[in-house]
Structure formats: C-alpha cells, structure tokens
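Visitor: Please give me a close look at one part of this fold, the packing around a helix residue of your choice. After that, carry on to whatever else is worth a look.

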Amino acid sequence: MTPGIGLALAAMLCFAAGDLIYKRAAAAGAESALFIMLQSWVYCPSITLYAWLTGTLEPTVAALWGSLAGFFSFTAFYNFARSLQGGAVSTNAPIFRLNFTLTAALAILLLGETLTAVKLAALACALVAVWLLLAEPGSARPDWKSLTRVLVATVALGLANLFFKMGVHGGAIPETMVAMQAWVFTSTSTLMVLYRDKRLSLKPAIWPYSTPAAIVLVTSFVLLMHALALGPASVLVPVAQMSFMPTALVGAAMFGEKLNWRKRYGLIAGVVSLALFAVS
C-alpha cells in the first residue's frame, strides 16, 4: 500500500464536506467573492495559529511554493464557487476534483514519478468519468458559463497541488506550506473584494457557511500535505481529490439533483480510478 494513503483518504472526506458547504452557500445566495474572502479570514488565522503553537511555522525558500499555490488555490475555489450558482454540485464537484489528472501527469513528467500501466489505466478511467459527467444526451442545453468556470477551477487546483508537492519535496514543513498558501489566498481574496466593492462588507448570513468551510479546508490541506511528505503526488493527490464520489451522492440526496445513467457510470469510472490509484 502506498505510504500516506490513509491521510489522503481522510483528506478526501474533508474535501467532500467542503464541496457540500460550498453548494449550500450558493443555494443560500452567498456571493462568491465575499464568501471566499470571509472563509479565508477564518482559514488564515486558524492554520497560522496552529502552525505556530505546534512549532511547525518555519518559512523557508522551499515553502515559497506554498505562496504560489495560494494564488492558484484562490483562482480555483473562486471559480468553483461561481460555477455552483448555475451548475449542479453532483456534476461540477466531480469535474473539479478530477484536477488530479493534471497533477499526476505533471508529477510524472516534472518530478520523475513512475508511470506504470496501473496509473495509466487509472488516469484513463478518470478522463472517462469527466466525459460522462460533462455530456448528458437529451438534456437541456448545458450551462456553458458554469462549465467554463469549473474547468478553469480544475486546472488551477491541479497546478496548486503540484506546487504543494514541489514544496514538501524541497523540504518545506507541511503546516508552513498551508500557512503560506493561506497568507496569499487571504490577501488576494480581500483585495479583490476591496477593488470591486470599494469597501469590506461583513454579511452575517454568510458566516455560518464560510466558517465551517474554512475549518474543513484547513484540515483537508494539512492532511494532504502530510500525505505528500510520505508518498508520490501521482497517487495521493488523485485519492484525496476523489471526494466527488460522496459529494455527488450526498448532493443528489440533499438538493434533489438527478443521477441519470451517465452520471452513475461516471461515478463508477471514478471509483475504478480510485481503486487503481490506491494499488499502483
């Protein structure tokens, strides 16, 4: 079994909880940029305080990869939140979480991680899952704006995860990586709201969503960083990002979203991909 697989599975469950909170916030009418900013205001001090209290806050040159990951993470989560305003979480969350196909491919190409027949089959299953989840024959015209945003989010998070691996590969402490990501993420989200609105609006109605979202994401990224410190990104990132499976199932039950035959086969392809990655 791949080292760090247990941590990656725990991160998967936390990411799934985060996806559902994002959908809840979108359904409640939470504006994306403000939601992301308020989430970051909880996320940033939480991870910074945790790292400082545990003695794991040690900024180094290698940890600067976390800063770059912070910018790409903001781009990812902002566009994902926007995509849910017009798209179904049972479709968009799986697409978003399949960002691991990019991370895995780049880890193999740039970091020299091995490409085995099993990994190749796992990536192929993941791409099949994306295709099944994107296209629905006989359905209404797809929301192309929502799909474009979730695809941008998917690429951005795939790159962010690669930067995380490069940081811990260079010796950065996982908690420091997440803290540096949070500093850039929070600064960017706050400046965006200030630039757009010319003021900071603290809407009490958003906090019940932004606060738990921040807590589960802090937990997710810390778990993922520790997993990446132990094993290959081309295996562990895909496992962590398979959170779309519980998200799609719970989302269908909570929000009444239909799981037609295409989506069901897409989820099955995702399960097969997860199993192949776990044993590769």
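Guide: Let's fix one word before we zoom in: a contact here means heavy atoms within 4.5 Å. This is a predicted model, so local features need pLDDT of at least 70 and side-chain atom pairs count only at pLDDT 80 or more, while totals for chains, interfaces and linings use all residues. Residues are numbered from 1 along each chain as its sequence is written, and side-chain values use heavy atoms, with hydrogens and water left out.

Now to Ser73, which sits in helix α3, residues 64–83 (helices are DSSP runs of H or I, at least four residues, numbered from the N terminus). Ser73 is buried, at a relative accessible area of 0%; buried means under 20%, exposed over 50%, and partly exposed in between, using a 1.4 Å probe and protein chains only. What does Ser73 touch, once its neighbours within four places in sequence are set aside? Its contacts are Leu157, Ala160, Phe164, Gln181 and Phe185.

Stay in α3 and look at Gly66, also part of that helix. Gly66 is buried too, with a relative accessible area of 0%. Leaving out neighbours within four places, Gly66 contacts Met177, Met180 and Gln181. So Gln181 turns up in both lists, next to Gly66 as well as Ser73. Gly66 also sits 8.0 Å from Thr176, C-alpha to C-alpha, although 110 residues separate the two in sequence.

Those partners bring us along to α8, residues 174–197, by way of a salt bridge (a side-chain nitrogen of Lys or Arg within 4 Å of a carboxyl oxygen of Asp or Glu). There are 2 of them by that rule. In one, Arg196 pairs with Glu31, with closest N and O atoms 2.8 Å apart. That pair ties together distant parts of the chain: Arg196 belongs to α8, Glu31 lies in the loop between α1 (5–27) and α2 (32–53), and they are 165 residues apart. In the other, Asp197 pairs with Arg196, again with closest N and O atoms 2.8 Å apart. Put together, Glu31, Arg196 and Asp197 make a salt-bridge network. How exposed are its members? Arg196 is partly exposed at 37%, Asp197 is partly exposed at 31%, and Glu31 is partly exposed at 25%.

Over at α5, residues 100–110, the buried residues include Phe100, Thr103, Leu106 and Ile108. Just after α5, Gly112 takes a positive phi of about 75°.

For a look at the surface, go to Trp261, Tyr265, Ile268 and Val272, a nonpolar patch with about 420 Å² of accessible area together. Patch members have over 30% relative accessible area and no salt bridge; like charges are joined within 9 Å, and nonpolar side chains (Val, Leu, Ile, Met, Phe, Trp, Tyr) within 5 Å. The areas come from the Shrake-Rupley method with a 1.4 Å probe, and for residues only the protein chains shown count as cover. Ile268 lies in helix α12, residues 261–279, and is partly exposed at 47%. An α-helix has 3.6 residues a turn, so residues three or four places apart point the same way.

Last, the cysteines: the structure holds 0 disulfides, a disulfide being two cysteine sulfur atoms within 2.5 Å. Cys14 is in none, as its nearest cysteine sulfur, that of Cys44, is 19 Å away. That is too far for a bond. Cys14 is buried at 18%, and Cys44 is buried at 13%.

Definitions and conventions: Helix = DSSP H or I, 4+ residues; strand = E, 2+ residues; numbered from the N terminus.
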